[in-house]
Amino acid sequence: MTRDELIGRQLARLRGTMSQKELAERMRDLGWKWSQSTVWSIEKGERPLRLAEAQDLLPIFDLVSIHELIGPSWDRNLAELIQRVVNTRESALRAIHAYNHARLDLAIAADEERIQDEPSAHLRNLADVVGIGPIELAEYYERWATNPSEGDVPKTRETAKAVWDGEEDDSFMSLFFSTSGYRGDRG
């Protein structure tokens with residue numbers, strides 16, 4: 001669904017029992033060349049609602065802020081945010097792949113160093129570096145990010161579906177916080 005379609009739905013909801021014709025007349029009174037078909041086109045998402053028009057709609061619907069009309073979530077393009085998450089996840093997977101290759105290179109170099117007569121002092125703590133694989137790294141992050149004393153229980157994909165379907169009285173923000181452990185104070 002496009003941004004214009006979402007705004008159109010919101011306008012139709014706000015209009016309530018007021019007819020499209022009545023809304024067009026009220027906008028004409030404010031100097032706009034609106035007709036019933038203008039309202040219809042905006043509500044169907046076929047015509048964008050201009051900012052100046054949106055500002056003039058506020059008193060008609062007894063609204064204070066433009067965000068009440070277009071909604072705060074319309075400030076961001078949901079598709080762009082989804083793509084950013086997907087791209088970042090792909091970057092993380094590439095980073096994990098590079099991490100494993102770096103660990104392998106280190107392991108090979110360490111084995112070559114170890115068979116020399118006088119190995120360097122760097123080998124002492126090498127097991128701690130080579131031995132932390134991506135799964136242990138993720139588990140380490142989860143232990144670091146979550147606070148068990150608060151009773152955090154990671155949620156599942158089934159929970160995400162239940163949030164989407166409205167079966168669970170929750171939000172995607174609370175789903176994010178419960179699955180990531182992010183508290184805002186740990187960077």
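# Questions about a predicted helical model

Me: Both Glu-53 and Arg-47 are buried in this model. Why is Glu-53 called buried?

Reply: Glu-53 has a relative accessible area of 1%. Buried means under 20% relative accessible area, exposed means over 50%, and partly exposed is in between (1.4 Å probe, protein chains only). The value of 1% is under 20%, so Glu-53 is buried. This is a predicted model in which local features need pLDDT of at least 70 and side-chain atom pairs count only at pLDDT 80 or more, while totals for chains, interfaces and linings use all residues. Residues are numbered from 1 along each chain as its sequence is written, and side-chain values use heavy atoms, with hydrogens and water left out.

Me: What makes the pair Glu-53 and Arg-47 a salt bridge?

Reply: Their side chains meet with N and O 2.6 Å apart. A salt bridge is a side-chain nitrogen of Lys or Arg within 4 Å of a carboxyl oxygen of Asp or Glu. The distance of 2.6 Å is within 4 Å, so the pair qualifies. Side chains of opposite charge can pair when their charged atoms come close.

Me: What makes Arg-50 and Glu-53 a salt bridge as well?

Reply: The closest N and O atoms of Arg-50 and Glu-53 are 3.2 Å apart, so this pair also passes the limit. Salt bridges that share partners join Arg-47, Arg-50 and Glu-53 into one network.

Me: Is Arg-50 buried, exposed or partly exposed, and how do you know?

Reply: Arg-50 has a relative accessible area of 46%. That value falls between the two limits, so Arg-50 is partly exposed.

Me: How many salt bridges does the whole structure have?

Reply: A search of the whole structure finds three. One of them is between Arg-15 and Glu-43, with N to O at 2.6 Å. Arg-15 lies in helix α1 (residues 3-15) and Glu-43 in helix α3 (residues 36-43), so the pair ties together parts that are 28 residues apart in sequence. Both Arg-15 and Glu-43 are buried.

Me: What makes a stretch such as α1 count as a helix, and how many helices are there?

Reply: Helices (H or I, at least four residues) and strands (E, at least two) are DSSP runs, numbered from the N terminus. The protein has 10 helices and zero strands. From the N terminus on, its elements run α-α-α-α-α-α-α-α-α-α.

Me: Why is α2 called roughly perpendicular to α3?

Reply: The axes of α2 (residues 20-29) and α3 come within 7 Å and cross at roughly 110 degrees. Axes are lines fitted to C-alpha atoms, for helices over the stretch in contact, and angles run from 0 to 180 degrees between N-to-C directions. Angles under 35 degrees count as roughly parallel, over 145 as roughly antiparallel, 65 to 115 as roughly perpendicular and the rest as oblique. The crossing of roughly 110 degrees lies in the range 65 to 115, so α2 is roughly perpendicular to α3.

Me: Which residues make that contact between α2 and α3?

Reply: Gln-20, Lys-21, Leu-23 and Ala-24 of α2 meet Gln-36, Val-39, Trp-40 and Glu-43 of α3; contact means heavy atoms within 4.5 Å.

Me: Why are α1 and α3 called oblique to each other?

Reply: The axes of α1 and α3 come within 7 Å and cross at roughly 125 degrees. That angle fits none of the three named ranges, so α1 and α3 are oblique to each other. The contact is made by Asp-4, Gly-8, Arg-9, Leu-11, Ala-12 and Arg-15 of α1 and Val-39, Ile-42 and Glu-43 of α3.

Me: Why is Ile-135 counted as exposed?

Reply: Ile-135 lies in helix α8 (residues 134-145). Its relative accessibility is 65%, which is over 50%, so Ile-135 counts as exposed.

Me: Why is Glu-68 counted as partly exposed?

Reply: Glu-68 is in helix α5 (residues 66-70). Its relative accessibility of 37% lies between the limits, so Glu-68 counts as partly exposed. Leaving aside neighbours within four places in sequence, Glu-68 is in contact with Gln-10, Leu-14 and Leu-63.

Me: What is noted about the phi of Asp-62?

Reply: Asp-62 has a positive phi of about 55 degrees although it is not a glycine. Most residues other than glycine have a negative phi. Asp-62 is in the loop between α4 (51-60) and α5. With a relative accessible area of 68%, Asp-62 is exposed.
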